[in-house]
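Here are some comments on the model you asked me to look through, set out so that you can follow each of them with the structure open beside the text.

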Amino acid sequence: MESRYTPASIENKWQNTWAQQELDRTPESNNKPKFYALSMFPYPSGNLHMGHVRVYTITDVIARLKRMQGYRVLNPMGWDAFGLPAENAAIARGVRPDKWTYQNIDQMRQQLQSLGISFDWNREVTTCAPNYYKWTQWIFLQFFNAGLAYQKESAVNWDPIDQTVLANEQVDNEGRSWRSGAKVERKLLKQWFLKITDYADRLLSDLDELPGWPDRVKTMQANWIGKSTGAYLEFPILGRDDKIGVFTTRPDTVYGVTYVVLAPEHPLTLQVTTDERREAVEAFIKEVGQESEIDRTAEDKPKRGIPTGGTALNPFTGQEIPILIADYVLYEYGTGAVMGVPAHDSRDFKFARENGLPIKTVIVPENAENPDAELSDAYTEPGVMVNSGQFDGTPSEAGKQAIIDYAEAQGYGKARIQYRLRDWLISRQRYWGAPIPIVHCPECGAVPVPEDQLPVKLPDNVEFSGRGPSPLAQLDDWINVPCPSCGTAAKRETDTMDTFIDSSWYFLRYPDANNDNAAFDLGKINDWMPVDQYVGGIEHAILHLLYSRFFTKFLSDRLNLKFNEPFQRLLTQGMVQGMTYKNPKTGKYIPSDQILDLENPTDPESGEPLEVFYEKMSKSKLNGVDPLQVLDKYGADTARMFILFKAPPEKDLEWDDADVEGQYRFLNRVWRLVTDFAENASEIKAATNDNLSKPEKDLRRAVHTAIREVSEDLQGEYQFNTAVSELMKLSNALNDAKRTDSPVYAEGIETLLKLLAPFAPHIAEELWHLLGHSDSIHQQAWPEVDESALVVDEITLVIQVNGKVRGNIQVPADADKATLEALARESEAAKRHVGDKEIKKVIVVPKRLVNFVVPK
């Protein structure tokens, strides 16, 4: 029998054994209730970090627990493998993106396997594999055929030197291209969109169907969708048949509109511009075109605008009002135009003051003494309508509907619900993504590639220079194809899809990952979906989760699925933070291994004192801990135990080597406890629970208390940290037990291992087999609480005399007051401290104490 705990040999042995036994393979039969446990799949960067270790360990504990509780479990893994980093690697290293990606996948798969995560690797998916993106393209065609995938012109980041489109992440904080260093321009380009706005109302209202999601995530999604109830109003342009449409949540202020503002890129802008203003307007449009959307809408940035010379009519007042353009109005938002109500909007008030525009008060507080007083700031609260014609005196809240009714009757506008959410731009002008399966025909227009011709594969003969348009746009032999509909010479679409597309349906592939004939079998995904527990970072709370919900709802409508939400419960784990050392003067980060005195850390070059604080582990902060080094030193089980014990899963976790050591010592104690017992297991005497001694009853109570507490901690909110604490308590109770030959002790040892198994699977399996078992511990039933074991037969009764504690005795737990008093009177403490004194009063507190009041 192994005398020392050696994680390396144990963990490697059992990982190989489990793989050979296919212990983690998903059951094909459905004779048990299902549980679908899923971690957000990673980008294959090549190396695991501690954030990965945390998320996959959390999900693995849940999956292992559910198997022991009698569920058939699906716990799969895959790779979010398309995207910009692989293309950058191709440019920088001269290696093909697919080769770089698959090398990273192989490396990370081995690292994950070394953690003992019980993934079903038979269902592994890789989004850059043709057998996956074939079905990504198929799903795109479902959107296209439903009229929800379309092309339109949209503003993009344009590098004028490289003559290419840049993603937002390729533009630095100064607005320059990461490749050429050129100042990035905004340019209109025809691109593909998915009409997610058609699902905005359902995406918002169905958040109420997700009680298993954190409230803050649901709030973030609701704010992103941004539902606003108001009015669509139209302002006729003088001298033209066109009208400027605006959306407003404050139709009650329409009589106070003194100007309208168009986005510089609005199609009407140059049409309403007069000859006298054309040069200035075109210069302003060009200048604004250099700015990013974030810069234009920043709260702290001054709002700039100029007149176009054009004039509109406020149909409610009959007054002519100027048409301006301004940097803060974006064509992509709403209607691309806003009405200016400076008296009742803080931004408009400041803008009007700076540009000499009229300010007209139309809402005042109730019982205002001087309704026409000049404003020093915008009045934005509810009140009473004034200077509003027939609506004067109407409360402003009621005035909103009254104005809408009037606008509809007069043909000036109508009620409208609008969303902040915009249609999803999915075009990417780069190589490493799923090609959009469309052919552009001069006769037929945009024609879908027939489904039997999917996938449209990425070509191999590609040059990666980082210059010019997308590599696909430079391959004439790939681009030029006959139209699938009429045979005319046509051209392939050269845009690829946003990588968020790939991750918006991958959870639907896992239940039927090896299906070559369909994206998934309806019976299988209706069986397994929705995901019962989804685990991932809060940084994906908006886009990934929103897009996944959108895809699920669309496919549910299209294919008559039995579910319309993908994830029943969501756990957003906190970050892993490392001790960080920073020189406050230079802003330079220093790795801990370069610091001589960690108690009083100084910069090794300058000697200046360093700031010390916890911050999210990252390469740039030089504060990361390599998981492989931790595994080499302590083993996977220790790493898992620390990750789970250090903090509740939703909280940030501060890495501490001392706490890692603590978990390693705990596992060593468990090792000694069980191996010592295994050596003497033959000496255990047969017994029943009916004739147990008091110490045995106390130990059995500790065992079943642990079962109850750990089981409760692993339900609902998953409090792994307190569950580990309960395991430590049970270990201590077993260590303190006097009789190790008792059947209760044997029950305690086996229970400890079963409770430990989801957390530290390798050591639990090894010790389980050392006890003589042949089946895996991970195939055992989860321990159940014996309520009778929790019943306390005796309690400690405190004996007091005149309120002072004089001793205690053991009494039956169910004794009534009279019995407790009688037993107390007979106690040695009472006889010694009361003696022959007259007892004036007896106070009995059941289950706690008896107090004798005697003369002093």
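The points below take up strand pairing, a helix contact, a salt bridge and some backbone details.

1. Please keep in mind throughout that this is a predicted model. Every value quoted here is therefore computed from predicted coordinates.

2. I would begin with strand β22, which covers residues 489-492 and pairs in the antiparallel sense with strand β19, residues 438-441, over 2 bridges. Strand β21, residues 480-482, is also paired with β22 in the antiparallel sense, in this case over 3 bridges. K491 is a useful residue to find in β22, since H440 stands opposite K491, and K491 is also the bridge partner of N480. As general background, the strands of a sheet pair through backbone hydrogen bonds, in either a parallel or an antiparallel arrangement.

3. The connection between β21 and β22 deserves a look of its own, as the two strands form a hairpin with 6 residues between them. Within that turn, G487 has a positive phi of about 85°.

4. Further along the chain, 4 strands form an open sheet in the order β30-β29-β32-β31, and the pairing within this sheet is mixed. Its edge strands are β30, residues 804-812, and β31, residues 841-845, each of which pairs on one side only. On average, and with direction ignored, neighbouring strands of this sheet are turned by 20° against each other. For one of the pairings, strand β29, residues 794-801, runs antiparallel to β30 and is joined to β30 by 8 bridges, with T796 having Q810 in β30 as its bridge partner.

5. How do helices α20 and α23 pack, and at what angle? Helix α20, residues 657-679, and helix α23, residues 743-756, pack at an angle of about 140°, and their axes are 11 Å apart. Because angles count as roughly antiparallel only when they are over 145 degrees, this angle makes α20 oblique to α23. The crossing of these two helices is left-handed.

6. Which residues make up this contact? From α20 the residues are F666, L667, V670, L673, V674 and F677, and they meet Y745, A746, I749, L752, L753 and L756 in α23. The residues of the contact divide into 12 nonpolar, no polar and no charged.

7. The structure holds 41 salt bridges, and one that is easily followed is formed by D106 with R109, where the closest N and O atoms are 3.1 Å apart. Both residues lie in helix α4, residues 97-113, and because they are 3 residues apart there, D106 and R109 are separated by about one helical turn. In general terms, side chains of opposite charge can pair when their charged atoms come close.

8. Some backbone details remain, and for these it helps to recall that most residues other than glycine have a negative phi, and that most peptide bonds are trans. The peptide bond from L454 to P455 is cis, with omega near 0°, and P455 is placed in the loop between β20, residues 445-448, and α13, residues 476-479. The bond from M529 to P530 is likewise cis, with omega near 0°, and P530 is found in the loop between α16, residues 522-528, and β24, residues 533-537.

9. Finally, N387 has a phi near 50°, which is a positive value in a residue other than glycine. N387 is located in the loop between β15, residues 384-385, and α12, residues 396-410.

Methods: Residues are numbered from 1 along each chain as its sequence is written. This is a predicted model: local features need pLDDT of at least 70, side-chain atom pairs count only at pLDDT 80 or more; totals for chains, interfaces and linings use all residues. Side-chain values use heavy atoms; hydrogens and water are left out. Two strands pair if DSSP finds at least two bridges between them. Axes are lines fitted to C-alpha atoms, for helices over the stretch in contact, and angles run from 0 to 180 degrees between N-to-C directions. Angles under 35 degrees count as roughly parallel, over 145 as roughly antiparallel, 65 to 115 as roughly perpendicular and the rest as oblique. A crossing is left-handed if the near helix is turned anticlockwise from the far one by less than a right angle, and right-handed if clockwise. Contact means heavy atoms within 4.5 Å. Ala, Val, Leu, Ile, Met, Phe, Trp, Tyr, Cys and Pro count as nonpolar, Asp, Glu, Lys and Arg as charged, and the others, Gly among them, as polar. A salt bridge is a side-chain nitrogen of Lys or Arg within 4 Å of a carboxyl oxygen of Asp or Glu.
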